[in-house]
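Trainee: I am new to this structure, and I would like a close look at one part of it. Please start there and then lead me outward.

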Amino acid sequence: MNDAENAIWAQVWEQLQVLFGILVTDLGSRLSPLNLMSMVGLCLILWIVWRPSAGFLAWLFPARVYRNPSFWLDVRLFLFNWTIGLFITLNYVVVATATAWAIGQALGAGEPMPDDRSPMLSALIVFLAADLTMYWYHRLHHDRTSLWAIHALHHSAEEMSPVTAFRHHPIYSVLGGLVFSVCVGAVQGLAVVLVLGSVDTATLAGTNLFSVILNLGTANLRHSHIRLCYPDWLEHVLISPAQHQVHHSVDPRHYNRNYGEVLAVWDWLFGTLYITQPGEEIRFGLGDASGQPITQRHPTFRTAMTEPVRRAWSVLRGRG
Ligand SMILES: [Zn+2]
Ligand SMILES: [Zn+2]
């Protein structure tokens, strides 16, 4: 094995160890102890400031959310996606690292790779690339009817809890992981040659530093009943929990808005931004053209698996 091959396999091995740590200790980054604890801390502050009539726990975990069959379907899809993710993510690690390495080689990066010159800049570039990739991946699932058939499962949630973030069809998750790995890997590869001299990035517990900081406290509130709006100027920069809740609204005024994951600047740039107002009523789920909720398309795990595929197939064959 030559130096170049050794370098790539050393990176794959290093990332596999990081992945193993995440899987064992964090059970998915959004539900990591850090994200959960920071969410509860933020909610405690909001509860003290907002003074709702319910006690803290009853307000944080409203019975109507956890009694709804929609929540229990979220849980089943989370467990299913997490299980298959164990195997699939291993492949993404290889794909992303190999893409970064191949582009670096094609553009003339020497081996061994030089030391990291600017891990903070590298982390920022990778974070921006990842967030922009997620914006377009998400948006395409609203723009293309066949892809919407798959993504509609996420939008058929009638109540929102942090587990709703995992309410995705496996096709969405698998395709997303692949697109994400190739795009972010390509950007890392370019960064090697053009700017940084290394693919290393600033991380915290193996996760991109910017991603950790910007998700603290708020990542899990995006899928929740807690309607936290930011000031107008900040909602042009970061997606507030209320902005993602608007994305799940049945109201036609809210359709096809706020595709961003962490940053709102992409929505602002590409004309899909919706700024929320405190007190705005939002009803979650799938609606018709007049904004009326439609009958639940995915009442069971079986229909959640089969209905999106059947519908996408019909569209592709010209019958949708
Ligand atoms: Zn969506
Ligand atoms: Zn969502």
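Which side chain meets that of Asp251 in a salt bridge, and at what distance, N to O?

Mentor: The partner is Arg253, at 3.2 Å, N to O. A salt bridge here is a side-chain nitrogen of Lys or Arg within 4 Å of a carboxyl oxygen of Asp or Glu.

Some ground rules come next. This is a predicted model, where local features need pLDDT of at least 70 and side-chain atom pairs pLDDT 80 or more, while totals for chains, interfaces and linings use all residues. Residues are numbered from 1 along each chain as written, chains are lettered from A and ligands numbered from 1 in written order, and side-chain values use heavy atoms, without hydrogens or water.

Stay with that pair for a moment. Arg253 is partly exposed, at 49% relative accessible area. Asp251 is partly exposed too, at 24%. The cut-offs are under 20% for buried, over 50% for exposed and in between for partly exposed (1.4 Å probe, protein chains only).

Now widen the view. The structure holds seven salt bridges. One of them joins the side chains of Glu159 and Arg64, at 3.4 Å, N to O. Glu159 sits in the loop between H7 and helix H8 (170-196), and Arg64 sits in helix H4 (residues 63-67), so this pair ties together parts that are 95 residues apart in sequence. Helices are DSSP runs of H or I, at least four residues, numbered from the N terminus. Of the two partners, Glu159 is buried, with 14% relative accessibility. Arg64 is partly exposed, at 48%.

Another salt bridge runs between Glu307 and Arg311, where the side chains meet at 2.5 Å, N to O. Both residues belong to helix H13 (residues 301-316), four residues apart, so about one helical turn separates them. Glu307 is buried, at 8% relative accessible area. Arg311 is partly exposed, at 30%. Back at your starting point, Asp251 and Arg253 have company: salt bridges with shared partners join them and Glu280 into one network.

Next, the metals. The zinc ion (ligand 1) is coordinated by the NE2 atoms of His138, His142, His151, His155 and His247, at 2.1 to 2.2 Å. A donor is an N, O or S atom within 2.8 Å of the metal (3.2 Å for Na, K and Ca); water is not among the atoms, so sites may look incomplete. Along the chain, the donors of the zinc ion (ligand 1) follow the spacing H-x3-H-x8-H-x3-H-x91-H.

Two of these donors share a helix. His151 and His155 lie in helix H7 (residues 145-155), four residues apart, or about one turn of the helix. His151 is buried, and His155 is buried as well.

A second metal sits 5.9 Å from the zinc ion (ligand 1): the zinc ion (ligand 2). Its protein donors are the NE2 atoms of His154, His223, His244 and His248, lying 2.1 Å from it. The angles among these four donor atoms run from 91 to 160°. Their spacing along the chain is H-x68-H-x20-H-x3-H. Two of the donors link distant parts of the chain: His154 lies in helix H7, and His248 lies in the loop between helix H11 (241-247) and helix H12 (265-269), 94 residues away. His154 is buried, and so is His248.

Helix H7 deserves a look of its own. Eight of its eleven residues are buried, so H7 is largely enclosed by the rest of the structure. They are Ser146, Ala149, Ile150, His151, Ala152, Leu153, His154 and His155. That list takes in two donors of the zinc ion (ligand 1), His151 and His155. It also takes in His154, a donor of the zinc ion (ligand 2). Ser146 counts as buried at 19% relative accessibility. Ser146 and Val309 are 163 residues apart in sequence, but 9.1 Å apart in space, C-alpha to C-alpha.

Last, the cysteines. A search of the whole structure finds zero disulfides, a disulfide being a pair of cysteine sulfur atoms within 2.5 Å. Cys43 is buried, at 0% relative accessibility. Cys183 is partly exposed, at 33%.

Terms used: Tetrahedral: all angles 85-135°; square planar, octahedral: opposite > 155°, others 65-115°.
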